[in-house]
Amino acid sequence: MAAVATASAAALATGCTATEPTGSTAAPRPSASAETGASAPPGPEGDTRPRPETPDGTLLVTDFGAQTVTFVDPDKGPVDSVRVGTAPYGLAIGADGRAWVATAEGVAVVDTAARERRAFVPYRTRGLGPATYGEYRGGGMGIAIAPDGRHVYVGVNVPGGNGRLEVIDTRTLRVTGTADTGRRPFDVDVARDGSRVYATGHDSFDVTVLDTDTMGTRRIEVAPYGTEGGLGSWLKPHCAVVRPTDGRLLLPFEGERLVVLDPETGRSSIERMTANTHQHGAAVTADGTLVVIGTGPIDPATDEGASLTVRSKGGKERVIPLGGPHEDVAVSKDGRTAYVTGGFTREGYWNGITVVDLDTGTTHRLPAGQRPLGIAVL
């Protein structure tokens, strides 16, 4: 893939755009402002279904093609869904069991034990346009929670311009600060000590580093293939993880290059990867094992198909074929199973999850929601 340095804007439009679900329409954004705190969530009326408590190990996925999150039994499939807002993207789980879900309109707060939405925090950022679907919709993308659970950080896409990082106080449910980021903040991560937040700007080839004490930011370019392709380039950063051993950021590119970024100095090094496929979602386990989703080839004549890379902290890789488009990944607490969503990718989507045994490499599929995208293990 190294020879494919850029792609045209037309290729970007045909290769990376998610289509709007059939019959869907743009939803109006809530009129309440973030400064006044959380608004009443726009959920279904009269829903009095009993909701049993959710067992540990249940999966929670965002339905990017709908207005819900879906709870999934990892052995049997979907067990329940909760309405949260239009086109939910990322989610973060707090130690108190609340899920924070980035939607087009704002951040929904879901009690995962009771399977109920408790609050909804509209964005302070303006210029998002109508709440709608697709990769380029305005609104929340990456989201993360501070280690102490006191703040949530959400990357907000502003169509046609730079994004914003909004800070939510988890006690008051108010937006307490905002900062500029790069374009389309696909991913948000937090340093282990909570002192910094990292927003990965997909269309601006960068990571924005936010100092959580001062709210000051600095930009670090991350472009191992260069930036010549601009918005039409395929070779842009998607997701990062914080390496538990030293706090460095790991950003995979194309199944060929792993950028290891020191956020203190802004310096990076590049390590070789072996999957040779366009890469998106990533996760890291407590022992430093990196798992990365390959969504499929840029050039089918030379590149490999969808896969899951399992990379040890020493750099040794196993590449497990996935057989079709996938987007994001979460790993079980014991580190033995990966759950990979089949939601939005440039090649399309399917409504399910692939379950991967990381010891044997065997896989099987489960149904899961509507265009499942973000995923977490409760």
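**Strand pairing and aromatic contacts in the predicted model**

In the hairpin region, I143 has V154 of β9 as its bridge partner. This is a predicted model, in which local features need pLDDT of at least 70 and side-chain atom pairs count only at pLDDT 80 or more, while totals for chains, interfaces and linings use all residues. Residues are numbered from 1 along each chain as its sequence is written, and side-chain values use heavy atoms, with hydrogens and water left out.

The I143 to V154 bridge belongs to a hairpin built from β8 and β9, with 5 residues between the two strands. Strands here are DSSP runs of E with at least two residues, numbered from the N terminus, and two of them pair if DSSP finds at least two bridges between them. For β8 and β9 (residues 151-157) the pairing is antiparallel and covers 5 bridges. In the turn sits G149, whose phi is positive at about 75°. Strand β8 (residues 139-145) is mostly covered, as 7 of its 7 residues are buried; buried means under 20% relative accessible area, exposed over 50%, and partly exposed in between, using a 1.4 Å probe and protein chains only.

Next come two open sheets. Strands of a sheet pair through backbone hydrogen bonds, either parallel or antiparallel. One open sheet has 4 strands in the order β3-β2-β1-β28, paired antiparallel. Its edges are β3 (77-83) and β28 (372-377), each pairing on one side only. From one strand to the next, the twist averages 25°; axes are lines fitted to C-alpha atoms, and angles run from 0 to 180 degrees between N-to-C directions. Inside this sheet, β1 (residues 59-63) runs antiparallel to β28 over 4 bridges, and L59 has V377 of β28 as its bridge partner.

Another open sheet of 4 strands follows the order β4-β5-β6-β7, again with antiparallel pairing. Here β4 (91-93) and β7 (116-122) are the edge strands, each pairing on one side only. The twist in this sheet averages 20° from one strand to the next. Strands β5 (residues 98-102) and β6 (residues 106-111) run antiparallel and are joined by 5 bridges; A99 is partnered there with V110 of β6.

On to the side chains: the structure holds 3 aromatic pairs. Rings of Phe, Tyr and Trp (its six-membered ring) pair if their centres lie within 6.5 Å, and planes under 30 degrees apart count as stacked, over 60 as edge-to-face and the rest as tilted. The F64 and Y89 rings have centres 5.8 Å apart and planes at 80°, so this pair is edge-to-face. Since F64 lies in the loop between β1 and β2 (68-73) and Y89 in the loop between β3 and β4, the pair ties together parts that are 25 residues apart in sequence. F64 is buried at 2% relative accessible area, and Y89 also counts as buried, at 13%.

Y89 also forms an edge-to-face pair with F186, 6.3 Å centre to centre and with 70° between the planes. F186 lies in strand β12 (residues 185-190), so the pair ties together parts that are 97 residues apart in sequence. Like Y89, F186 is buried. Ring pairs thus link F64, Y89 and F186 into a cluster.

Two arginines sit over rings elsewhere in the model. The criterion is NZ of Lys or CZ of Arg within 6 Å of the ring centre and within 35 degrees of the ring normal. R257 lies over the face of Y225, 4.0 Å from the ring centre, while the charged end of R365 sits over the ring of W350, at 3.9 Å from its centre.
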